[in-house]
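I am opening a notebook page on this structure, going from the whole chain down to its helix and its core.

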Amino acid sequence: MKMLMPPPYQGEHESFLDSILKSGDSKITCIGREVIGRCKDGSIFPMELTVSQMAVAGKPMFTGLVRD
């Protein structure tokens with residue numbers, strides 16, 4: 001997801017995922033929110049992002065669903 005977001009939103013996304021891991025509060029996942037995306041050519045666009053948490057071999061992982 002980070003590569004689709006321009007700065008400073010990349011850092012905010014990382015902080016969001018870190019807070020989920022630290023708090024263990026998965027209620028804040030699976031909620032769609034509108035964020036800013038960046039195209040390959042550098043232009044920006046609004047996108048809807050939904051993040052879900054799962055475990056793979058006991059390790060917490062995240063999946064993201066993007067709709068533009």
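I looked up the surface before anything else: the protein exposes about 4,800 Å², of which carbon and sulfur atoms supply 58%, with areas taken by the Shrake-Rupley method with a 1.4 Å probe, where for residues only the protein chains shown count as cover. I note that this is a predicted model, in which local features need pLDDT of at least 70 and side-chain atom pairs count only at pLDDT 80 or more, while totals for chains, interfaces and linings use all residues. Residues are numbered from 1 along each chain as its sequence is written, and side-chain values use heavy atoms, with hydrogens and water left out.

I then listed the elements, which run α-β-β-β from the N terminus; helices (H or I, at least four residues) and strands (E, at least two) are DSSP runs, numbered from the N terminus.

Next I checked which residues of H1 are buried (under 20% relative accessible area, 1.4 Å probe, protein chains only), and found His13, Phe16, Leu17 and Ile20. They lie on the same side of H1, because they cover an arc of only 90 degrees around the axis, the arc being that of the directions from the helix axis to the C-beta atoms.

Last I looked up the largest nonpolar core (buried Ala, Val, Leu, Ile, Met, Phe, Trp, Tyr and Cys residues joined through side-chain atoms within 4.5 Å), which has 9 residues, among them Met5, Phe16 and Val35. Its largest share, 4 residues, comes from S2.

Key:
Buried < 20%, exposed > 50% of the residue type's maximum accessible area, 1.4 Å probe, protein only.
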